[in-house]
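Reader: I would like to work through this model one residue at a time, with the cut-offs stated as we go. Could we begin once the sequence and structure are in view?

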Amino acid sequence: MNTAQVSIELILAGILALSAFVLPFWKGQGIDPAFLQNEALIGFLGLAYLLGVVFDKLADTMLTPAEHLLRIKQGAKYLDEHPNFKGSDPFPQNDLEFSLKKAKDGRLDWMNSLKSRIRTSRELAILGLPAVMGLTTYMGVTKNCVANQPACATGWVYLPVVLNMIFFIAAIYLDSKTSDEDSTDKSVSPKLKTHQLSHDRKTRERQLQQTKRQVHSASIPYYLLLANSILTTGTIAAFNFDNSTIVLVAVGGAMISLLALWSCLRITRTYLKFVAREMASLPKK
């Protein structure tokens, strides 16, 4: 994956983060178009890039539980299709990716293309709704804030923005309490790994059900982020129903963000299936 492509993805994440967590506090004033020209534009893109590095990883952390479930399902599917498999791991993703990175026939380019699409859709899926909330908050409330306006005077309008940041912090905390794929740390909560999948179908189904419950529990911060962003955006749009621009941004932005989540999970599933095809090339263990 080339550096320019990664930089663009990080700048996109940074712009979404600025819209979600900075724009709502741009109180009582519009944005001067001259601000996004010449030296100011360079500074803006630099700030967006720096924030993008952080929020790209936060977006990854938010969707890690869902991606883990897809990984487990891929390993379980391989065992379903190969009941006589005697290996130790039905989906050793690290080994498979390492093998693909040595390919000279275009498979590596395709793998990198899928990973780039996953990153972009993931950023929009996680940061899209908070960004839409921040934009509608700015357009519908804080842009025209004056001293005698109750909503701005109380400061309650900023509470949903703070809550979204708390949900990100909660996701970090929960992630720190679970083990990585190759972790041997006994101090963190165990997480089913692909090499622990049972060869017995009924036992494997129970493992999948348990993993789904763990994934839903670990995804609570993301569910709350979605609920908070949608509820706040909908409320602001309802109070500004006569402003077609705010309503369009609210409805269109929410739909695009949710479609991005669907796209991210679909592309991730495609990526895992593609990587799994390399199983035939691995030496038998």
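Reader: At its relative accessibility, does D60 count as buried or exposed?
Author: This is a predicted model, in which local features need pLDDT of at least 70 and side-chain atom pairs count only at pLDDT 80 or more, whereas totals for chains, interfaces and linings use all residues. Residues are numbered from 1 along each chain as its sequence is written, and side-chain values use heavy atoms, with hydrogens and water left out. On a scale where under 20% relative accessible area means buried, over 50% exposed and anything in between partly exposed (1.4 Å probe, protein chains only), D60 stands at 17% and so counts as buried.

Reader: Which side chain meets that of D60 in a salt bridge?
Author: A salt bridge requires a side-chain nitrogen of Lys or Arg within 4 Å of a carboxyl oxygen of Asp or Glu. For D60, the N to O distance is 3.3 Å, and the side chain that it meets is that of R122. Since D60 lies in helix α2 and its partner in helix α4 (helices being DSSP runs of H or I with at least four residues, and strands runs of E with at least two, numbered from the N terminus), the pair ties together parts that are 62 residues apart in sequence, and the partner is R122.

Reader: With which other residue does R122 form a salt bridge, the closest N and O atoms being 3.5 Å apart?
Author: The carboxyl partner in this bridge, at 3.5 Å between the closest N and O atoms, is D56. This pair, too, links distant parts of the chain, with R122 in helix α4 and its partner in helix α2, 66 residues apart. R122 is buried, with a relative accessible area of 7%, and at 9% the partner is also buried, namely D56.

Reader: With which residue does R201 form a salt bridge?
Author: The closest N and O atoms of this bridge are 3.2 Å apart, and the partner is D80. R201 lies in helix α7 (residues 201-218) and its partner in helix α2, so the bridge ties together parts that are 121 residues apart in sequence. R201 counts as partly exposed at 46% relative accessibility, and partly exposed at 35% is also D80.

Reader: Which residues do salt bridges that share partners join into one network?
Author: A search of the whole structure finds 9 salt bridges. Those that share partners make up one network, whose members are E9, D56, K57, D60, R119 and R122.

Reader: In the largest nonpolar core, which residues touch the most other members?
Author: A nonpolar core is a set of buried Ala, Val, Leu, Ile, Met, Phe, Trp, Tyr and Cys residues joined through side-chain atoms within 4.5 Å. The largest one here has 51 residues, and those touching the most other members are I126, F168 and Y222. The largest share of this core, 11 residues, comes from α2. Leaving aside neighbours within four places in sequence, and taking contact as heavy atoms within 4.5 Å, I126 is in contact with A59, M62, L63, L225 and with the other two residues in question, F168 and Y222.

Reader: What is the distance, centre to centre, between F21 and F55 in their aromatic pair?
Author: Rings of Phe, Tyr and Trp (its six-membered ring) pair if their centres lie within 6.5 Å, and planes under 30 degrees apart count as stacked, over 60 as edge-to-face and the rest as tilted. By this rule the count comes to 5 aromatic pairs. The pair of F21 and F55 is stacked, with 25° between the planes and a centre to centre distance of 5.5 Å.

Reader: Where in the chain does L100 lie, and which residue is 181 positions apart from L100 in sequence but 9.5 Å apart in space?
Author: L100 lies in helix α3 and counts as buried at 1% relative accessibility. Residues up to four places away in sequence aside, L100 touches R107, L108, M111, F274, V275 and E278. Taken C-alpha to C-alpha, the residue 9.5 Å from L100 and 181 residues apart in sequence is S281.
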